[in-house]
Amino acid sequence: MKRNSFPTTRGLLALCGSLICAWSCLAEPWPRFRGPNGTGISADKGVPVHWTENNGVLWQAPIPGVGNSSPIVWGQHIFLESASPDGKTRLLVCLNAADGKQVWSRSFPGARARTHERNTLASSTPATDGERVYTVFWDGNIVFLCAYDFKGNLLWKADLGGFVSQHGVGASPIVYQDRVYLMNDQDGAAEMLAYEAKTGKQVWRVARKAFRACYSTPFLLEKAGEEAQLIVTSTAGITSYRPDTGAENWSYDWTFDGMPLRTVASSISTQGLIFANSGDGSGARHTIGVKLGDGGQGAQPSLAWEEKRKTFPYVPTMLAYGDHLYYVKDDGLASCRVAATGEVVWNERLGSPVSASPILVDGKIYVVSETGTVYVLAAAPAFKLLAKNKVGDKERIFASPAVADNRLYIRGDRTLYCIGSAPQKHASRSP
């Protein structure tokens, strides 16, 4: 009798294993601060809403040193920056996403330097393109942009010069196509930089209007049929650059009633508008919604709406989803507004201060407070608290979380936590 042409059980298992491996490789990475293009939004569907220490916390790994650098994830690699408690060393740490074990750590010499009490010597979040990981190290005097391969080998190092600010360094790089970009805005000097990702050769450098040190991270504005625009936001305003040459497409000047405020949060875009928020330690706030101009990438934008009251955050970045903006103020007040007009939809107090930027997964907003409480909210025009979870024990959390492969990664000042659903255990069958 002719042998059945269907694959054997062993063949099916091998095929399933290959498909699972391929799916894992294709899972969306979290390659920079706030994930894909800085939106803070993940395409994953299986991140837990509820968890406990014994059910949902897959692992917790100690982090050498201290820092506010957020984790990034590519495949089985997690990268983050840290600094030794004595300030003499900066670190790039690589962890295994499967179990949190340290794969390698690379040190960079440094010295103690003055920072804001809520800043650290390792507050920049690295970026990756899947081949190399790019870091910003500040040795206390000079800022360096460095590239490492996934085995921890230093490939190149660019000296960016000194940094002047009462708050210290904190800007994060991004990667687009074959280049690395960094906004280097400090007190009295500002520039936008582009480097070849493979070689570290400087491609272009553009001087910018300078006011105060700012820490927002750029993003790419992409429209069908048009060249992508590199959007950079600071106290000076919002500027669009051509990624290939650094030529300016347009610039929106941000005017203030008094001293220019500082942009710490990053800007976002939706529905033809760009949103930016700024603030100051005095409590002053200024948020704007800027409408992109009609007529191509060179068209000048205009102000759609603005808010100068203390109703928007200073440090956490906003989220755009559907027709609405969602955000959490530094004092823990969560809000929803109509994106097009700025009209308030709801305000609800969560009860804990927040520095980490919230993220959005499958229609749900995850807010990580400074004290380790994780609120899960429905991203909807009616407020709904879905869950209130906890990570850590008396551990300060300032870093923004990351999501990859249906796992949520939260960095405390001593520990990295991995939240996810444990693999199902199948009961064995009798033959």
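**Figure 1. Strands S2 and S33 pair side by side in this predicted model.** Strand S2 and strand S33 (residues 415-419) run antiparallel and are joined by five bridges. One of the facing pairs is Ala61 with Leu416, the latter in S33. Both strands belong to an open sheet of four strands, in the order S2-S33-S32-S31. Pairing in this sheet is antiparallel. Strand S2 (57-62) and strand S31 (402-404) are the edges. Each has a single partner strand, so one side of each is left without a neighbour in the sheet. From one strand to the next, the twist averages 20°.

**Figure 2. Close-up of Ala61 in strand S2.** Is Ala61 buried or exposed? Ala61 counts as buried, because its relative accessibility is 3% and the cut-off for buried is under 20%. Which residues touch Ala61, once neighbours within four places in sequence are left aside? They are Gly100, Arg414, Thr415 and Leu416. Leu416 is also the residue that stands opposite Ala61 in S33. In sequence, Ala61 and Leu416 are 355 residues apart. In space, their C-alpha atoms are 5.2 Å apart.

**Figure 3. The open sheet S3-S4-S5-S6.** This sheet has four strands with antiparallel pairing. Strand S3 (72-74) and strand S6 (102-109) are its edge strands, and each pairs on one side only. Neighbouring strands are turned against each other by 20° on average, with direction ignored.

**Figure 4. The S5 and S6 pair and its hairpin.** Strand S5 (residues 89-96) pairs with S6 in the antiparallel sense. Seven bridges connect these two strands. Thr89 stands opposite Pro109 in S6. Arg90 has Phe108 of S6 as its bridge partner. Five residues lie between the strands of the hairpin. Which residue of this hairpin takes a positive phi? Gly100 does, with a value near 80°. Gly100 is also one of the contacts of Ala61 from strand S2.

**Figure 5. The hairpin of S13 and S14.** Strand S13 (residues 189-196) and strand S14 (residues 202-207) run antiparallel. How many bridges join S13 to S14? There are five bridges. Among the paired residues, Ala194 has Trp204 in S14 as its bridge partner. The hairpin has five residues between the strands. In this hairpin, Gly200 takes a positive phi near 85°.

**Figure 6. Asn37 and Asp405, two loop residues with positive phi.** Asn37 is not a glycine, yet its phi is positive, at about 55°. Asn37 lies in the loop between helix H1 (9-26) and strand S1 (41-42). With 31% relative accessibility, Asn37 counts as partly exposed. Asp405, also a residue other than glycine, has a positive phi near 55°. Where is Asp405 found? Asp405 sits in the loop between S31 and strand S32 (407-411). S31 is an edge strand of the sheet S2-S33-S32-S31. The relative accessible area of Asp405 is 26%, so this residue is partly exposed.

**Figure 7. Ser282 in the loop between S20 and S21.** The loop that holds Ser282 joins strand S20 (273-279) and strand S21 (285-291). Is Ser282 buried or exposed? Ser282 is exposed, because its relative accessible area is 57% and the cut-off for exposed is over 50%. Leu261 is 21 residues away from Ser282 in sequence. The C-alpha atoms of Ser282 and Leu261 are 9.9 Å apart in space.

**Figure 8. The largest pocket and its lining.** Rolling a probe the size of a water molecule over the atoms shows where empty space is left. The largest pocket holds about 670 Å³ of space. How many residues line the largest pocket? The lining has 33 residues. Which of them lie nearest the centre? They are Asn68, Arg118, Asn119, Val264 and Val315. By class, the lining divides into 10 nonpolar, 17 polar and six charged residues.

Definitions and conventions: Residues are numbered from 1 along each chain as its sequence is written. This is a predicted model: local features need pLDDT of at least 70, side-chain atom pairs count only at pLDDT 80 or more; totals for chains, interfaces and linings use all residues. Side-chain values use heavy atoms; hydrogens and water are left out. On a 1 Å grid over the protein atoms alone, a cavity is a set of points where a 1.4 Å probe fits but cannot get out, and a pocket is an open set with protein on both sides within 12 Å along at least five of seven lines; lining residues have an atom within 4 Å of a point. Grid points are joined across faces, edges and corners, and a volume is the space filled by probe spheres set on the points. Ala, Val, Leu, Ile, Met, Phe, Trp, Tyr, Cys and Pro count as nonpolar, Asp, Glu, Lys and Arg as charged, and the others, Gly among them, as polar. Two strands pair if DSSP finds at least two bridges between them. Axes are lines fitted to C-alpha atoms, for helices over the stretch in contact, and angles run from 0 to 180 degrees between N-to-C directions. Buried means under 20% relative accessible area, exposed over 50%, partly exposed in between (1.4 Å probe, protein chains only). Contact means heavy atoms within 4.5 Å.
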